[in-house]
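This report describes a protein structure for a reader who has not met it before. Please look over the sequence and the model before reading on.

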Amino acid sequence: YYIMKQYNGGILMYKPFNQSSYTPSNKPKAIYLRKSKKKKGMTDKETIESHQNQIIEVCKEQGWNDYIIYNDYVAKSTNLNRKEYKLMLQACLDGKHDMIIVVEESRLYRTIYEQSNVYEELKGTDVVILSIREGYIFPNDRNQFLSNYIRGLMNQQELENFAYRMNVKKLATAKEGIYVNKAPYGYIKEK
């Protein structure tokens, strides 16, 4: 049976999905990287390279030697204009990939709004998301619907908590008389 849905004035048919019979195709896998909070003792570049190496290691273990890397090195997760992200999503919709691989789901999206958009885009496709941290995420599996959105809400809550903690820290530092922004042009900030 196919489930039908109204979509932009037309009808989009959803493919029936059975998680237990899922096997990836031979299509190239889409590896998505996005800057995250750098780890202590590592630069932003080293953090991205660490994520890339973790994902490539998983690909090797699974025998997936054909993959394309999409890297939004400086993009914030709440920025919806991520160039590589858009290219990757379009390639998935064009049938070039059957899987998006990320270190963790929050590298792909952080807000429930963005998560909903991705799931709506991927409905009717065979594309799944593999998060090294969370495992397989099946946007077309109605049995995962609730747990996927609960996890998405938790990601958004963590984003908002993180932003709050950073603002509190910045304000406390400023109250101590320490300049917290970048140095104005022509000045050097003492550490």
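The protein contains four helices and seven strands. Read from the N terminus, these elements follow the order β-β-β-α-β-α-β-α-β-β-α. The model described here is predicted.

**Overall figures**

The protein has 191 residues, and 35% of them count as buried. Its accessible surface amounts to about 12,600 Å², and carbon and sulfur atoms account for 54% of that area. When contacts between residues at least 6 apart in sequence are considered, 64% of them join residues at least 24 apart. One pair of residues shows how separate positions in the sequence lie in space: H51 and E104 are 53 residues apart along the chain, while their C-alpha atoms are 9.5 Å apart. H51 belongs to helix 1, which spans residues 44-62. With a relative accessible area of 7%, H51 is buried, because the limit for that class is under 20%.

**Helices 2 and 3**

Helix 2 covers residues 83-93 and helix 3 covers residues 112-122; their axes come within 10 Å and cross at roughly 30°. Helix 2 is therefore roughly parallel to helix 3, since angles under 35 degrees are classed in this way. On the side of helix 2, the contact is made by Y85, L89, C92 and L93. Helix 3 contributes E114, V118, E121 and L122.

**Salt bridges**

Side chains of opposite charge can pair when their charged atoms come close. The structure holds six salt bridges, and three of them are set out below, each with its N to O distance.

| Acidic residue | Basic residue | N to O distance |
|---|---|---|
| D98 | K29 | 2.9 Å |
| E114 | R82 | 3.7 Å |
| E158 | R165 | 3.0 Å |

The salt bridge of D98 with K29 links distant parts of the chain, as the two residues are 69 residues apart. D98 is located in the loop between helix 2 and strand 5 (99-102), whereas K29 is in strand 3, residues 29-34. Both D98 and K29 are buried.

E114, already named among the contact residues of helix 3, also forms a salt bridge with R82. R82 lies in the loop between strand 4 (67-72) and helix 2, while E114 lies in helix 3, so the pair ties together parts that are 32 residues apart in sequence. Both E114 and R82 are buried.

The salt bridge between E158 and R165 has partners of another accessibility class. E158 has a relative accessible area of 36% and is partly exposed. R165, at 43% relative accessibility, also counts as partly exposed. Both values fall in this class because it lies between the limits of 20% for buried and 50% for exposed residues.

**A nonpolar patch on the surface**

Which residues form a nonpolar patch on the surface? The patch consists of F145, L146, I150 and M154, which together have about 440 Å² of accessible area. One of these residues, L146, lies in helix 4, residues 145-175. L146 has a relative accessible area of 59% and is exposed, because values over 50% define that class.

Terms used: Residues are numbered from 1 along each chain as its sequence is written. This is a predicted model: local features need pLDDT of at least 70, side-chain atom pairs count only at pLDDT 80 or more; totals for chains, interfaces and linings use all residues. Side-chain values use heavy atoms; hydrogens and water are left out. Patches are made of residues with over 30% relative accessible area and no salt bridge: like charges are joined within 9 Å, nonpolar side chains (Val, Leu, Ile, Met, Phe, Trp, Tyr) within 5 Å. Accessible areas come from the Shrake-Rupley method with a 1.4 Å probe; for residues, only the protein chains shown count as cover. A salt bridge is a side-chain nitrogen of Lys or Arg within 4 Å of a carboxyl oxygen of Asp or Glu. Buried means under 20% relative accessible area, exposed over 50%, partly exposed in between (1.4 Å probe, protein chains only). Axes are lines fitted to C-alpha atoms, for helices over the stretch in contact, and angles run from 0 to 180 degrees between N-to-C directions. Angles under 35 degrees count as roughly parallel, over 145 as roughly antiparallel, 65 to 115 as roughly perpendicular and the rest as oblique. Contact means heavy atoms within 4.5 Å.
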